[in-house]
Amino acid sequence: MNHSPRYHVLTQLIHWLTFFAIAAVLIAVCLREFTEDDDLRLQLLNLHRSLGVLVLVLFVIRLVVRYFYFFTHVTADLPKILRRLAGAGHIFIYSLLFFVPLVGWLYTNAAGKPVLFFGGIQLPALLHKNRALAENLGELHEVFAWVFIVVVIGHIAAALWHHFVRKDHVLRAMLPAWLNKK
């Protein structure tokens, strides 16, 4: 039986739901680039937007869960520099979890389009139509997205480093119990 410190099950759930939502966001936007069917392109763009809103909703839920179930003991035995690097990395990830979808929402509004959450709920417009602003926000959204991809790859690399090089419990602390058998 594994008695290592673990993240709360809600923290794990939000972490993995966010991971799969982000993967789906990327798949939708990448598939859009490989089709010339205008209807399918629009459906994939709307799916991308809806999943982006889902990432933003999961981010808010993540903050609430973190407030109630913050568990620092998972990294308590790490050297101070690693704890600080992990903390800085998580702040950066959290910032991008907020800003990438928010800038996408602003970009969509500035382009004169509504943001529909899975086709049913129209989110309020945060900006009026402004073509020049839309261009800038579109570029910013893309830059933030690429930075986020690099940061997530770094996050995954760090988790694997903990598991295979340091051979500590950090990765196992975020895995669901059924995957966490030794």
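Q: What percentage of the 182 residues in the protein do buried residues make up?
A: In this predicted model, 33% of the 182 residues are buried. A residue is counted there when its relative accessible area is under 20%.

Q: Why is Leu-137 called buried?
A: The relative accessibility of Leu-137 is 10%. The limit for a buried residue is under 20%, so Leu-137 meets it. Its place is in helix α4.

Q: How do you know what Leu-137 is in contact with, once neighbours within four places in sequence are left aside?
A: A contact needs heavy atoms within 4.5 Å. With those neighbours set aside, Val-103, Leu-106, Tyr-107, Ala-110 and Leu-127 are in contact with Leu-137. For one of these, Leu-106, the C-alpha to C-alpha distance from Leu-137 is 7.1 Å, at 31 residues apart in sequence.

Q: Why is Gly-119 called exposed?
A: Its relative accessible area is 61%. Exposed requires over 50%, so the label applies to Gly-119. Gly-119 is placed in the loop between β1 and β2. From its C-alpha atom to that of Phe-59, 60 residues away along the chain, the separation is 21 Å.

Q: Is Phe-118 buried, partly exposed or exposed, and what makes it count as such?
A: Phe-118 has 45% relative accessibility. Buried ends at 20% and exposed begins over 50%; the value for Phe-118 falls in between, so Phe-118 is partly exposed. This residue lies in the loop between β1 (116-117) and β2 (121-122). Its phi is positive, about 50°, although Phe-118 is not a glycine.

Q: Which label does Lys-167 get at 62% relative accessibility, and why?
A: Exposed, because 62% for Lys-167 is over the 50% cut-off. Lys-167 belongs to the segment after α4. Lys-167, which is not a glycine, also has a positive phi, of about 55°.

Q: What pattern does the protein follow, read along the sequence?
A: The order is α-α-α-β-β-α, with four helices and two strands in the protein. A strand needs at least two residues, so the runs 116-117 for β1 and 121-122 for β2 qualify.

Q: What makes the largest nonpolar core a core, and how many residues has it?
A: It has 16 residues. Membership requires buried residues of the nonpolar kinds, joined through side-chain atoms within 4.5 Å. Ile-22, Val-55, Ile-93, Leu-96, Leu-97 and Phe-148 have the most contacts inside the core. The elements that give two or more residues to this core are α1 (9-33), α2 (38-69), α3 (80-110) and α4 (131-166). Leaving aside neighbours within four places in sequence, Ile-22 is in contact with Val-55, Leu-97 and Phe-148. Another core lies apart from the largest one; it has eleven residues, including Val-53, Leu-102, Trp-105 and Leu-137.

Q: Of the contacts between residues at least 6 apart in sequence, what percentage join residues at least 24 apart?
A: The figure for the protein is 70%.

Q: How do you know where empty space is left?
A: A probe the size of a water molecule is rolled over the atoms, which shows where space remains. In this protein, the largest pocket holds about 1,400 Å³ of space. The second largest pocket holds about 880 Å³.

Q: What makes a residue part of the lining of the largest pocket, and how many residues line it?
A: A lining residue has an atom within 4 Å of a pocket point. For the largest pocket there are 47 lining residues, and His-15, Ala-86, His-90, Ile-93 and His-155 lie nearest its centre. Each of α1, α2, α3 and α4 supplies at least two residues of this lining, and α4 gives the most, with 13. The classes are 33 nonpolar, eleven polar and three charged residues.

Q: Which residues are the closest to the centre of the second largest pocket?
A: They are Val-25, Val-29, His-48, His-141 and Ala-145, out of 32 that line this pocket. The lining of the second largest pocket draws at least two residues from each of α1, α2, α3 and α4. Here α3 gives the most, with eight residues. By class, this lining has 21 nonpolar, six polar and five charged residues.

Q: How much of the accessible surface of the protein belongs to carbon and sulfur atoms?
A: Carbon and sulfur atoms hold 69% of about 11,700 Å². The C-alpha atoms of the protein fill a box of roughly 55 × 30 × 30 Å along the principal axes.

Conventions:
Residues numbered from 1 in each chain as written. Predicted model: local features only at pLDDT ≥ 70, side-chain atom pairs only at ≥ 80, totals over all residues. Heavy atoms only, no water. Buried < 20%, exposed > 50% of the residue type's maximum accessible area, 1.4 Å probe, protein only. 1 Å grid on protein atoms, 1.4 Å probe; cavity = no way out; pocket = protein on both sides within 12 Å on 5 of 7 lines; lining within 4 Å. Points joined across faces, edges and corners; volume = space filled by probe spheres on them. Nonpolar A, V, L, I, M, F, W, Y, C, P; charged D, E, K, R; others polar. Areas by Shrake-Rupley, 256 points an atom, 1.4 Å probe, with all protein chains shown as cover.
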